[in-house]
Every structure is written in structure tokens, then in C-alpha cells.
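Subject: The structure I promised you

Hi there,

Here is the structure we talked about, ready for you to open and turn around on your screen. Have a look at it first, and then read on for what was found in it.

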Amino acid sequence: MNQTESLIRIDVEEELQRIIAQLDRLQDQVAAPNLLKNALNATARKVRKQIVKDAKGQYAIKDTGILKDEKQGAPKVLTATAASMSAAVRSRGPMQDIMAFMTRPNQGTGAAAAQVLASGGMKPLEKGNLKAFVTTFASGHTAIVQRDPPKQYGSGRSARAGRYGANADMTRIKKLLSPAVPFMLGNETVRSQAEALAYETLQAEIDKRIAKVLGKA
């Protein structure tokens, strides 16, 4: 399953000159890159925490564990170093089962339903006359699926007939998926708030460290 990536990068070489200009002593100016590095990393950590919170506000996520698991796309801070004055918040992960969001199983002749956006409602999952339904695979994994005509089961037909009966529908089914974590973190609202926070936080982190240095002068 393909992975997608969401990346917020904080790259501010020009800030280094601003820091140096505010420091009087040569020994403090020499330490300016380290000051900027620490400010960048502190900013990136705060942004990472905030984008997770904002994503929860934008999406009706039931399985919030996907926002903590880096394999599923939980954001990771790529720290700035002395050699690279750039910090980033990166997210890489696969599309999620629709059941990671708020869902309602099929009842009677109705289709299973799901709510992905927090601002949206529960919507039936159906395409034409193909209604989604909940099923449990032989592996024990439960998912919401939909039939996928004209694809038919081949080698597994006898096993399906033995499990569901001779008249079982042999049309293949596909698991319904929902947005990947990187997609959610890249949501326009989440991203714009993150970028604004990154700028404001970086200035505050730099100023705090400059004040500490000057206070020792």
C-alpha cells in the first residue's frame, strides 16, 4: 500500500543573522548557531504536538492510536543539527481502514455508514446498488467492505462455498479505506495553523534564548 508524506519544514538561515546582530560579545555570537538549533528543535516539537491535536479536531477519528504510531503516520521531528539549520515535522503512513473513523454497521438492507470529517455527518457507504457491509476475514480482521464487480473469486471459490454455502456470492470484495494520517495532517486548516504556530513559536523561542544570554552578559 503506497505511503504518502506530509512535511512541515522550518528553514530559517536569515534568522541566524538576526540573532548575531542582537548579541554583543563575540563569544555569544559564536554560540548563535547552537542557539538557533535549539530554538528550531523546540519549535518543531511544539508544532508536532499541535498538529496532532488539530487533526483530532478536524476528523472524526475513533482509533486515535494511529496518531501515535509512526508506522501509521504519526508525525516525527527531524531535528536541526550544527551542520543543518533546518528542522522538520514529517509524517509517512498508509491509508487507513474506514473503521479507524466513526462508523455504523449495516443493518437490515441498509449500508454501513461512516463519518470522516468532524464537521460532517454519518453517511451511508454505497455506490449505485453496492452497499458496504461489515465482515470478518479468515484472519480475524474485521473491516467494512464493498463488492467489486466484475471481479470474481477464482481459487478461493470452494473455500467460500464451504464457509458461506453453495449459493454464496462469488463477487470479490474490497476493503474500504480512508485518508492516511499524512493526508489529515496536511489538511489545509491543520497545515495553515501549523505554519502560523511555527513562525510565532520560533520567534518566541529565539527571543527567550537571546534574553537569557544577554541576562548573563
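Let's begin with one residue, Val134, which you will find in strand 10. Please keep in mind that this is a predicted model.

Is Val134 buried, exposed or partly exposed? Its relative accessible area is 31%, and buried means under 20% while exposed means over 50%, so Val134 counts as partly exposed. Setting aside residues up to four places away in sequence, Val134 touches Pro105, Asn106, Thr142, Ala143 and Ile144. You can also try a distance: the C-alpha atoms of Val134 and Ala113 are separated by 10.0 Å, and these two residues are 21 apart along the chain.

Now follow the chain onward from strand 10. Strand 10 (residues 133-136) is joined to strand 11 by four bridges, and the two strands run antiparallel. Together they form a hairpin with five residues between them. One pair to look for is Thr136, which stands opposite Thr142 in strand 11. In the turn, Gly140 has a positive phi of about 100°. For background, most residues other than glycine have a negative phi, and most peptide bonds are trans.

That brings us to a cis bond. Which two residues does it join? A cis peptide bond links Pro149 and Pro150, with omega at about 5°. Pro150 belongs to strand 11, which covers residues 142-152.

There is also an open sheet of three strands, in the order 5-6-7 and with antiparallel pairing. Strand 5 (102-104) and strand 7 (123-124) are its edge strands, each pairing on one side only. Three bridges connect strand 5 with strand 6 (residues 113-115), and Thr103 stands opposite Ala114 in strand 6.

Next, the inside of the protein. The largest nonpolar core has 36 residues, and Ile19, Leu36, Leu40, Ile51 and Ile206 have the most contacts inside it. Strand 1, helix 1 (13-22), helix 3, strand 3, helix 5 (181-185) and helix 6 each give two or more residues to this core. Which element gives the most? That is helix 3, with ten residues. To see one core residue with its surroundings, click on Leu36: leaving out residues up to four places away in sequence, Leu36 touches Val12, Glu15, Leu16, Ile19, Met85 and Ile206. Another core lies apart from this one; it has seven residues, among them Ile98, Leu125, Ala132 and Ile144.

Two more residues are good practice for reading burial. Thr43 lies in helix 3, and because its relative accessibility is 0%, Thr43 counts as buried. Not counting residues up to four places away in sequence, Thr43 touches Ile10, Ala198, Thr201, Leu202 and Glu205. Met184 is found in helix 5. With a relative accessible area of 0%, Met184 is buried too. Leaving aside neighbours within four places in sequence, Met184 is in contact with Tyr59, Ile61, Ile66, Phe101, Pro179 and Val190. The C-alpha atoms of Met184 and Ala60 are separated by 11 Å, with the two residues 124 apart along the chain.

Finally, the empty spaces. How many cavities of 30 Å³ or more does the structure hold? It holds one. The largest cavity has a volume of about 40 Å³. Its lining is made up of Ser6, Ile8, Ile51, Pro75, Val89, Arg90, Ser91 and Leu185. By class, these are five nonpolar, two polar and one charged. Strand 1 (4-11) and strand 3 (86-93) each supply at least two residues of that lining, and strand 3 gives the most, with three.

As for pockets, the second largest pocket holds about 200 Å³ of space. Twelve residues line this pocket, and those closest to its centre are Asp28, Ala31, Leu35, Arg209 and Val213. Helix 3 (32-58) and helix 6 (188-216) are the elements that give two or more residues to the lining. The lining of this pocket has five nonpolar, two polar and five charged residues.

Happy exploring, and write back with any questions!

Best wishes

Definitions and conventions
Residues numbered from 1 in each chain as written. Predicted model: local features only at pLDDT ≥ 70, side-chain atom pairs only at ≥ 80, totals over all residues. Heavy atoms only, no water. 1 Å grid on protein atoms, 1.4 Å probe; cavity = no way out; pocket = protein on both sides within 12 Å on 5 of 7 lines; lining within 4 Å. Points joined across faces, edges and corners; volume = space filled by probe spheres on them. Nonpolar A, V, L, I, M, F, W, Y, C, P; charged D, E, K, R; others polar. Pairing = 2+ DSSP bridges. Buried < 20%, exposed > 50% of the residue type's maximum accessible area, 1.4 Å probe, protein only. Contact = heavy atoms within 4.5 Å. Core = buried A, V, L, I, M, F, W, Y, C linked by side-chain atoms within 4.5 Å.
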